[in-house]
Amino acid sequence: MAIKDPTQPVPGTYLFNGKMAKKGYGLNKMCYSFNEQAARDEFNKDPDAYCAKFGLTEKQIKAIHDRDIIGLLQEGGSIYYVAKFAGLLKLNMQDIGAIQTGLSLDEFKALLVKNGSGEA
Amino acid sequence: MANIIGAVTTSHIPAIANAMANKQEDTPYWKPFFDGYPPVRKWLNEKQPDVIVLFYNDHGLEFFIDKKPTFAIGVADEYHNSDEGWGIATIPPVTGESELSWHIANSLVEDGFDMTICQEMKVDHGLTVPLSLMWPGNNYGHVKVIPVCINCEQHPMPQPWRCFELGKAIGKAIESYDEDISVAIFGTGGLSHQLDGERAGIINREFDLECMDKLVSDPEALTKYSNLELVEIGGAQTVELNMWIAMRGALRGKVTELHRNYHAPISNTGSGVLLLEHEMPSK
């Protein structure tokens, strides 16, 4: 995070707390709706109109457009709801991990193997 | 009197459901993971528990953040899974155990655990993946399941010590139930992982193995951690350890480890399995 925030004490981690839950309410509500196929179809048909329906902020809409996972978290997205947006884009947890860490997919998978083996 | 006959811990990663659906159990990636399950299945098959009390967390299927219970318990005769948005197949209905569920709910609230009590509750991969893992082919319809949902998604979350106390209170409730049935406790989720942020990809193998040891012999040590410490040590979603700690709270006396497996990574996660028995109260 660019600015030191006492409610976010772990660098590189976006604790989903009350502040974030309030900030990201509309964004998360939109992503929660993606549990339904009809909602996913409606979003795909006209993303901007769908974002407007849930009152997303300009920053949130930009992050949706840019598939900017970190941006979505910074704007109050919960990873569990952001994952539903990622699913709509056919991205899995390793894809999202690669995007967030700035690694290629293979590099991110190698990182998981390294961490999982206890080498790190 | 109802008896707790033992406990199982398992990961509940959605990718496991896809691996089973795509018959990838014997591929090099998945084999070390799935090899951990036959001993647990064998135990369940031999012991035939009537009821499973299953600790899990809901990742945004039943509960949105409009209303987010800290602890919730299902009291229904049946539970349904449904589309979670990213393509794991839904599974057949899960059988509930309404009467014992209400008994537990009454006892918990009496003991100071102010549960959210649910007569309708969609259950997500947190609950369904463990059932599919234990009863391949989704042949779990004969087992009655009582879902106990712990908030692991939105801070403030219940702390490890509190989840341990919840488990204890559930153990006490089960043992005060006046029907001759057998109950197994499932703790699901974990272990170390972080899905979000620049720090995504953390797995702490050493910590996971230590948690599995302590869960057997010294669970109180785990209750000393705060959720924030778990986040720092193992990654943001390591708080799912709370479901394992809750499970352990329901066991009593000397706990025996019958089986364990640990493999990492599966998806982004350290995946552990434990099969435990404890000292059964004398009748």
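Me: A residue is buried if 20 or more other C-beta atoms, placed from the backbone, lie within 10 Å of its own, exposed if 12 or fewer do, and partly exposed in between. Which residues of α6(B) are buried?

Reply: This is a predicted model, in which local features need pLDDT of at least 70, side-chain atom pairs count only at pLDDT 80 or more, and totals for chains, interfaces and linings use all residues. Residues are numbered from 1 along each chain as its sequence is written, while chains are lettered from A and ligands numbered from 1 in the order in which they are written. Helices (H or I, at least four residues) and strands (E, at least two) are DSSP runs numbered from the N terminus. In α6(B), the buried residues are B:Pro160, B:Arg162, B:Cys163, B:Phe164, B:Leu166, B:Gly167, B:Ala169, B:Ile170, B:Gly171, B:Ala173 and B:Ile174.

Me: What distance does α6(B) reach from its first C-alpha to its last?

Reply: Helix α6(B) occupies residues 160-175, 16 residues in total. The expected span is 1.5 Å times one less than the number of residues, here 22 Å. Close to that expectation, the helix reaches 23 Å.

Me: Which strands of chain B stand at the edges of the open sheet?

Reply: Two strands pair if DSSP finds at least two bridges between them. The 8 strands follow the order β6-β3-β7-β2-β8-β1-β10-β9, with mixed pairing. Two of them have a single partner strand each, so one side of each lacks a neighbour in the sheet: β6 (116-118) and β9 (256-266).

Me: Which residue of β6(B) stands opposite B:Ile73?

Reply: Strand β3 of chain B (71-74) is joined to β6(B) by 3 bridges, and the two run parallel. Opposite B:Ile73 in β6(B) stands B:Ile117.

Me: At about what angle does α9(A) run to β9(B)?

Reply: Axes are lines fitted to C-alpha atoms, for helices over the stretch in contact, and angles run from 0 to 180 degrees between N-to-C directions. Helix α7(B), residues 205-217, lies across β9 and β10 of chain B at about 15° to β10(B). Helix α9(A), residues 105-116, also lies across β9 and β10 of chain B, and its angle to β9(B) is about 150°.

Me: Which element gives the most to the side of chain A that touches chain B?

Reply: Two residues are in contact if their C-beta atoms, placed from the backbone, lie within 7 Å. The contact takes 38 residues from chain A and 33 residues from chain B. Elements giving two or more residues to the chain A side are α2, α6, α7, α8 and α9. With 7 residues, the element that gives the most is α7(A).
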